[in-house]
Each structure stands twice: as C-alpha cells, then as structure tokens.
Amino acid sequence: MILELQNAILEMIARGEPLEKIVDLLCREVEVIAPDIVCSVLSVRDGLLHPLAAPSLPPHFSAAVDNLPAGPMSGSCGTAAFLKQPVVVTDIATDSRWSKYKDLALPLGLVACWSTPIMVGERVAATFAFYFRRNRGPNETEKRIVEASVHLCSIAIERDERLREREKLTYTDALTGLPNRARFNKVLAGLDNAISPWGILLVDIDNLKLVNDTFGHAAGDGLIQTVASRASALGGPDSTFRLGGDEFAIIVYRENAPDELERMAADILSSLSAACHCAGHVVFPKATIGGALAGADEAPDAVLQNADLALYHAKERSRGQYVQFADGLGTALTRRFRAIRDVGLALAQARIHAFYQPIVRLDNRQIVGFEALARMRTPSGEIVAAAHFHEATKDAQVAAELTQCMLEQVARDMRIWLDDGLPLQHVGVNLSAADLAGGNLNERICSVFEEAGVPLKHVIVEVTESVYFGQGGFDIGEEIRRLRSSGLRVALDDFGTGYASLTHLLTVPVDIIKIDKSFTDRLRPLDPAAFIVEGVIDIAHKLGIRVVAEGIEENAQAAQLLDLGCALGQGYLFSRAVDRDAAATLLRNYGQVAERPGQSRRA
Ligand code: C2E
Ligand code: CA
Ligand code: CA
C-alpha cells in the first residue's frame, strides 16, 4: 500500500501539481492506510509555522497555528522544527510543551502527537504530524509510513521551492530587483476596472544615455537603481515594474482618490529630482512621465497604449514633466505618425521635390534669390505643400533625410542655373531642429555643394526662431558659428512668432531676419505691428542684418514695408513656389541684373 501511495505521489510531483494538492492527497491516503490517526503537515519558513495540509482538522485549528514560531515549548511540531528531530508527546494534557496549545487539540479528542521534521538539505522545511486518539507513540507500521511520507514531502517541497525560485528569476529584473516586463504583462492582463479603478504611469529616465556616456555604465546602472528604489517607494514594490532600459511602469490603484494618478506622478517627479551618488559621481535623475486612466470598460492593453502615447507626447513637448492621456492627444499623434510614414515613403520613392519661391527687391521687384520649399508628389500625381506634412520633420530620421534630399536637389539645380548664366544670387534651404542637433550638419552641407561645384556664398540656411533659441534643449550657437565661418549665410526664419529677443542676436549672430507672415498680415497704418517691424528693421540694419518680409499678398503691404525700410520681400503677390523649370524662366525674365560698383547695396 505504501508503495502504491509512493508511486501516486511521485507521479503528481512529476506532473508539476501544486504542492498543497500533493500534500493534501498524501495526508488523506495516509489516514486511510493508518486508521484512527489524524495527519497534518506544517511548512516552516523563517522560523514560523504555516499550515500546508490538514484535511481532517477543522479550519480554526489551522488558523490558530499559522505564524506560530518554532521553539523548545511549541507543541510537537514547533519543537520538532526547533530541535530538528522527531518529538513524541504521548499525553498532550500534561506535557509542558503543549501547555499553551492543548485546548486546541483536546476538545477534538486528540490526546497524543508525534511530529517529524521534513528536511530539505540541512534545513527544516516542514513538519509531518500524527495525532492519536489514545495516549501512545507510533507503532512499527506507522513509523514506516511516516518515513516514506516525510521523504515524499521533502522531494515535493524541494521541487516546489526550485519552481518558485525559477519563477522569481523569470519575473524579476536582475539589476533593480523589481518585477520585470513579463510580470507586468501578467498583472496588467488581470486588471479589471469594474472591480477597482486603476491607472498606469510610464516613467522614462531622461538622462540615462548622457550618464552612461559621460560617467560610464556603472554610473548608469546606479541611476537606474536609484530611480527604481525611489519610484517603488512611492508606487509600491509589487506595483512598480522595470519594463527594460530606462522605462518603468507603475500600476496605480485608485480606490482612494480620483486624482491619485496625477498626484503620484508629481510625487515621483519631485522625489526623483534629488541628487544621488552613482559610482562616485553626483547625478540628478531626470524623468518624463506619461499616464492614462482605465476607462469604464477599456481593455488593459488600450490603457497601456494611451499611457504610451502620453509618454511619447511628453518626451516631445514637455520633457521632465507629466502628461496624462486625453482624447485628441491620440489623433494629433496619429496625424503625425501618418505624416512621418508618408514623407518617409515619398523620400524613398523620390517623390519629394524642391520648389522655389522668389525673394524680390520691393522697389523694382527683381528676383534676388529663392527659398527652396519641399513639395510632395502623391502616388496619384498631386503636389502637396510642406505645410501639410512638415509635422513629419519632428522625426529626426525623416528630418535628416528630407534635408539631405533638398540640399542635393538645390545644389544640382543651382549648378544648372549658374551654368546657364542666369543671374542667381542665393537659394535658402530650410533646416529642422534635428539637423542642428546632429553635429555634422556643416560637413554635410559643404560636401553636397562642393560636389555640385556651387560656391557656398550662394547658399542660405533658414533656421526657425524656436530652434534658433534652443527650445530643442541644446546649444546651437556653435553650429551656427561653424556654418557662417564656412561662408554660408544664416537666416532667422519666422521671426516674431516665438521668444525671439534681439539681444540673442548679439551672442549668436545671423545674416538675415525673415519677418513672419503674421506681422505682414497686420501691416496697417498705426497698427502696433508696424512700429515693431520698423524697430526690427532699424536695429537689424544697424547690426548689418538684412531683412526679408514673408507672406506679402497685397500691393499695399509691399508699399508700406518699403516705407518702413524693408528692402526685400517674399509672397504670393510676387509668386508662389514653382518647380525648377518655372524658376529658371522667372530668373531669366526678372533676375536682378548685376549691380554696378558704387550702387546702393541696401538689399
Ligand atoms: P516657411 O519656411 O515659413 O515657408 C514659407 C511658407 O509660407 C511656405 O509654405 C510658403 O509657400 C508659404 N507662403 C509664402 N508666401 C505666402 C503668402 O503670400 N501667403 C501665404 N498664405 N503663404 C505663403 P510651405 O511650402 O507649405 O511650407 C510650410 C513650412 O514647412 C515652411 O515654412 C517650413 O517651415 C517648412 N518647410 C518647407 N520646406 C521645407 C524643407 O525643405 N525642409 C524643412 N525642414 N522644412 C520645410
Ligand atoms: Ca523658411
Ligand atoms: Ca517663414
């Protein structure tokens, strides 16, 4: 019979059945083989007893022994666990080791108890107990049964521990000790907003790469560990996950307050900002957070996606801050993703073309140069203006490719015009923030024009005010200086739309200022815009900077600008952007004829 039981139990272990189920069955079968005894198994963890199986004992009995410490006076089981050897108590009523617990056993008619420690290696992992209804110890058969059972339990427990250990490794991030992405996916899948409201925060470390690059990977690891411990101190060790790299997730249960998510994000940002020591360096952790609340019957996956969109948005627009998902955020981003995809495809299929809008002298309307503007030809042959797709230049990759594509076309077209002897002074090319951040812009531009044989004095790069004044978070002054020292000219685009201050021009000088269309639109006598434009023109001239007014659509605007001292303009009044052949024709007919020495060069 024992052999049969042994086989059944080993089979269950091999099948990977849960430990509780195996031990429970073992107890039941043992009670069948050895009638008149009650069997119980307690596990021992960190010196405390926990019921594992006791199918014939009432629940209150098990509840009462849960968490009891092992010790020299702790009943049969606690004492056996403490002494690491079997303990036989033949009279519970009088044995001092049972004095505190006898009232549990005696009312059930259990008067004697024999407990045997179950060892895993050198450690007591559990105890195996026989309760008797008579004052006696075990007989020979019972000894053999217990010997076999203890052995089986030891195998089952050891295996269970190994499984748990492996599970822990699978679901734990080695560097931080936090639950990892696999664990996060499991927990996320089980969330249900109908049961309790929840939300999710995605925390992204901003300066990890910088710390890795400047202080080394040990410091980077230290930064990750710091963020992990500060975030989990607030989010809770079971609800804070490291998803990988520099990204963490926190599941926030919101029974308490509807604004819990926002508050948690603010707390995390402020706790992160304190300096920490990472591998001997002082680092100020910086992070950006995106969050989303679970809607009424929203799938967890959708909530995660929303939080992802919010994080993406935050990283682009408000680094170092928290952005919570809201309807509309998704559509704006979808629009951008679509633009990025469209432009990427158009670049790959050579459907991006340089068009040229003339820049004219306002006095005689002769063409002094062009601004190159990107146009996208759709697969159906339509020509789309840049305003419809220039969102795509927020993607660094697309922006760099677009610039390269435009530079190459402009260089080729200019070489042709110069070869044809057309009176061309300069062409302006628009740059994106990513171009200036890339670090090799000057080399890129120089090599393109050198290869085409176009002198750099014919080239202008246009940089918008927001990029120029470092809203991208980096210093472009050095890059601008490099460009100018190679002989290129730099135009400050969209002047007046952002934070431009003329004092900036003293630290990072430019050659040309392009006054934004919004000012041109407001040029009416006595409108304050006119005074501002006049002031800008005046100061610019004193600094040796040329001024171009953009978006001129009416003769009156051109006349007033001329009055205010603005010599150059650009706008539909003169011409829209046209393709390269039409641009050549315009140059041939209206190009500014070479100036005679001594003639005013105010333009
Ligand atoms: P931007 O650099 O300020 O270019 C001027 C925009 O104003 C052009 O629109 C031009 O067609 C338009 N425009 C010119 N005159 C008038 C006018 O009198 N009235 C009106 N209503 N509009 C006028 P476009 O070509 O759609 O370009 C929009 C923006 O896209 C540009 O603004 C520039 O920031 C960007 N962009 C265009 N081409 C490129 C490019 O090759 N590279 C990069 N990075 N950005 C480009
Ligand atoms: Ca421009
Ligand atoms: Ca502009």
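**Exercise 1.** In this predicted model, work out whether L506 is buried or exposed, and which residues share a nonpolar surface patch with L506.

*Solution.* Start by placing the residue: L506 sits in helix α18, residues 504-507. Next, check the relative accessibility, which comes to 61% for L506. The cut-off for exposed is over 50%, so L506 counts as exposed. Finally, look at the surroundings: L506, I539 and L543 make up a nonpolar surface patch of about 270 Å².

**Exercise 2.** Find out how many residues of strand β6 are buried, and which strands pair with β6.

*Solution.* Go through residues 198-205 first: 8 of the 8 are buried, so β6 is largely enclosed by the rest of the structure. Now split the strand by face. In a regular strand, side chains alternate between the two faces of the sheet. One side of β6 has W198, I200, L202 and D204, the other has G199, L201, V203 and I205, and all of these are buried. Then turn to the pairing. Strand β8 (residues 247-253) runs antiparallel to β6 over 7 bridges, with D204 opposite E247. Strand β11 (residues 287-293) is also an antiparallel partner of β6, again over 7 bridges, and here I200 has A292 as its bridge partner.

**Exercise 3.** Decide whether V360 is buried or exposed, and list what V360 touches beyond four places in sequence.

*Solution.* V360 belongs to strand β13, residues 352-361. Its relative accessibility is 3%, so V360 counts as buried. Leaving out residues up to four places away, V360 touches R365, Q366, I367, V368, A567, L568, G569 and F574. As a last step, take S575: 215 residues separate S575 from V360 along the chain, yet their C-alpha atoms are 9.6 Å apart.

Note on methods. Residues are numbered from 1 along each chain as its sequence is written. Chains are lettered from A and ligands numbered from 1 in the order in which they are written. This is a predicted model: local features need pLDDT of at least 70, side-chain atom pairs count only at pLDDT 80 or more; totals for chains, interfaces and linings use all residues. Side-chain values use heavy atoms; hydrogens and water are left out. Patches are made of residues with over 30% relative accessible area and no salt bridge: like charges are joined within 9 Å, nonpolar side chains (Val, Leu, Ile, Met, Phe, Trp, Tyr) within 5 Å. Accessible areas come from the Shrake-Rupley method with a 1.4 Å probe; for residues, only the protein chains shown count as cover. A salt bridge is a side-chain nitrogen of Lys or Arg within 4 Å of a carboxyl oxygen of Asp or Glu. Helices (H or I, at least four residues) and strands (E, at least two) are DSSP runs, numbered from the N terminus. Buried means under 20% relative accessible area, exposed over 50%, partly exposed in between (1.4 Å probe, protein chains only). Two strands pair if DSSP finds at least two bridges between them. Contact means heavy atoms within 4.5 Å.
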